[in-house]
Amino acid sequence: MPLTAHRAKPAVPFGGIYRLVDFALSNVINSRYLHVIVLTQYKSHSLDRHVSKTWRMSPLLGNYVAAVPAQQRVGKHWYLGSADAIYQCLNIIEDERPDIVVVVGADHVYRMDFSQMVDAHRESGAELTVAAIRQPIAEADQFGVIETHPSDPTKIAAFREKPTDPVGLPDSPLEILASMGNYVANTDALVRAVTEDAENPTSRHDMGGDIVPAFVARGTAAVYDFIRNDVPGSTPRDRDYWRDVGTIDAFYEANTDLISIEPVFNLYNDEWPLYTGYTGLPPAKFVHAGAGRLGHAADSIVSPGVLVSGATVSGSVISPGVRLHSWAQVTDSVLMDDVHVHRYAQVHRAIIDKNVIVPERARIGLDREHDLARGFTITESGITVVPKGTVIND
Ligand SMILES: Nc1ncnc2c1ncn2[C@@H]1O[C@H](COP(=O)(O)OP(=O)(O)O[C@H]2O[C@H](CO)[C@@H](O)[C@H](O)[C@H]2O)[C@@H](O)[C@H]1O
């Protein structure tokens, strides 16, 4: 919050031109899985619009990416959880009859070749395979935590969703093995598991909380270590990069990584392209070359349709359609689409959501009390967040 006040998390803009869902979908498509459904629910309008505008496959070849809201085919309720979302769409799986289903979360920043995970799944003979990555033990309560079998580290011995009493790994006590929320399942086993789960009144109908533990109890769950994944064009530096941007601070950090001189996550790997919507906007333009009125940006990402007119930008991610006027200063910030920053205004260490108007001489991120009084959010690490559409009236 407040970035998800008006949109589903996968629709949150990221890195100037992307939405979070673009990373999961780019990975799926680059892995050459071309029959894709996106299960949508919470405040899904901007997600639906983005998926339908951007993710158009060739109907000639029968490929598709389709947003599917709860259809209430099995009862008068919305998706009760991620497992129920799959259960409610079993008719689509039954129509398609795939032998394997790949289920991925839609709110992480990473590159991954799912076809390698599918190969590992087939070789293991497991019914369900869970992708995993090492994470700090302090963050165990945000993840499904995997314990592997001592005799066979590819098998899952125990899976606990968001434990508060985690045990560190034998070879690294300050780390745990976290589920990435990505699964590969044999279709028949998945159908059986979500159907049984739907009939269980005590279940929370959650993939991590209920379905994975059920496969572990049957002894048929395997783990796929993300470190094994070889993404074409990746470097030792960005191998194994995966960010759950579930908090504002994590979201801010992942954005600012992109503008460092050598980012860990490389947007420019064209062997594994990251796709997003084509905006049709004109190129970014920088004007006024005067000594005291130099329109420029450094250590920044500047998207199409941006006008930097006599303003100074540094350490920032500037999204499409932003307008920055003379003598304005934007430092260490993330500006989402169509934000206007007027003359002499200053924005520092802030995330400004779409369509915000920052008036002449306004200051954001420089006076904590003033920011709080205007209803802005300030995170633990001091990032100020201005909600979508705010017209600041100082
Ligand atoms: N009702 C619903 N309808 C449609 N889609 C829904 C949904 N509820 C959730 N989702 C989607 O399912 C994915 C998982 O989200 P959840 O909120 O269920 O789990 P969380 O992210 O907390 O943990 C999960 O992801 C972390 C990794 O981040 C794992 O460690 C953990 O085990 C796993 O449960 C997200 O992409 C979300 O948007």
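This report describes strand E10, the ligand site, the parallel sheet and several single residues of a predicted model.

The model is predicted, with local features requiring pLDDT of at least 70 and side-chain atom pairs counting only at pLDDT 80 or more, while totals for chains, interfaces and linings use all residues. Residues are numbered from 1 along each chain as its sequence is written, and side-chain values use heavy atoms, with hydrogens and water left out.

**Strand E10 and its partners**

Helices (H or I, at least four residues) and strands (E, at least two) are DSSP runs numbered from the N terminus. Strand E10 covers residues 175-186, and nine of its 12 residues are buried, so the strand is largely enclosed by the rest of the structure. Buried here means under 20% relative accessible area, exposed means over 50%, and partly exposed lies in between, with a 1.4 Å probe and protein chains only.

Two strands are taken to pair if DSSP finds at least two bridges between them. Strands of a sheet pair through backbone hydrogen bonds, either parallel or antiparallel. E10 pairs in the antiparallel sense with strand E5, with strand E7 and with strand E8. The table gives the bridges and one residue pair for each partner.

| Partner of E10 | Bridges | Residue in partner | Residue in E10 |
|---|---|---|---|
| E5 (residues 100-103) | four bridges | Ile100 | Asn186 |
| E7 (residues 128-136) | eight bridges | Val130 | Tyr183 |
| E8 (residues 144-148) | two bridges | Val145 | Ala178 |

**The ligand site**

E10 also takes part in the surroundings of the ligand. A residue is counted as near a molecule or strand if one of its heavy atoms lies within 4 Å of it. There are 22 residues around the ligand, and His108, Gly144, Glu161, Lys162 and Ser179 come nearest. E10 gives the most to this shell, with four residues. Strand E9 (156-161), E10 and strand E12 (242-244) each supply at least two residues of the shell.

By residue class, the shell holds nine nonpolar, eight polar and five charged residues. In this division Ala, Val, Leu, Ile, Met, Phe, Trp, Tyr, Cys and Pro count as nonpolar, Asp, Glu, Lys and Arg as charged, and the others, Gly among them, as polar.

Polar contacts are pairs of N or O atoms within 3.5 Å; within protein, one atom must be able to donate a hydrogen and the other to accept it, and residues adjacent in sequence count only if both atoms are side-chain atoms. An N or O atom in the side chain of Gln41 is 3.3 Å from a nitrogen atom of the ligand. For His108, a polar side-chain atom lies 2.9 Å from an oxygen atom of the ligand. Ser179 contributes through its backbone, with an N or O atom 2.6 Å from an oxygen atom of the ligand. The ligand taken alone exposes 710 Å², of which the protein buries 75%. These accessible areas come from the Shrake-Rupley method with a 1.4 Å probe; for residues, only the protein chains shown count as cover.

**The parallel sheet**

Five strands form an open sheet with parallel pairing, in the order E14-E17-E20-E23-E26. Strand E14 (296-298) and strand E26 (363-364) stand at the edges with a single partner strand each, so one side of each has no neighbour in the sheet. Three bridges join E14 to strand E17 (residues 312-314) in the parallel sense, and Ala298 has Ser314 in E17 as its bridge partner.

**Single residues**

Most residues other than glycine have a negative phi, and most peptide bonds are trans. Asp299, in the loop between E14 and strand E15 (301-302), has a positive phi near 50°. Asp332 likewise has a positive phi, of about 50°, and lies in the loop between strand E20 (329-331) and strand E21 (334-335). Asp332 counts as partly exposed because its relative accessibility is 31%. A cis peptide bond, with omega of about 0°, joins Met1 and Pro2; Pro2 belongs to the segment before strand E1 (13-14).

Asn30 lies in helix H1 (residues 21-30) and counts as buried because its relative accessibility is 11%. Leaving aside residues up to four places away in sequence, Asn30 touches Trp272, Pro273 and Tyr275, where contact means heavy atoms within 4.5 Å.

Thr279 lies in the loop between helix H8 (248-257) and strand E13 (285-287), and at 46% relative accessibility Thr279 counts as partly exposed. Thr279 and Gly305 are 26 residues apart in sequence, with 8.8 Å between their C-alpha atoms.
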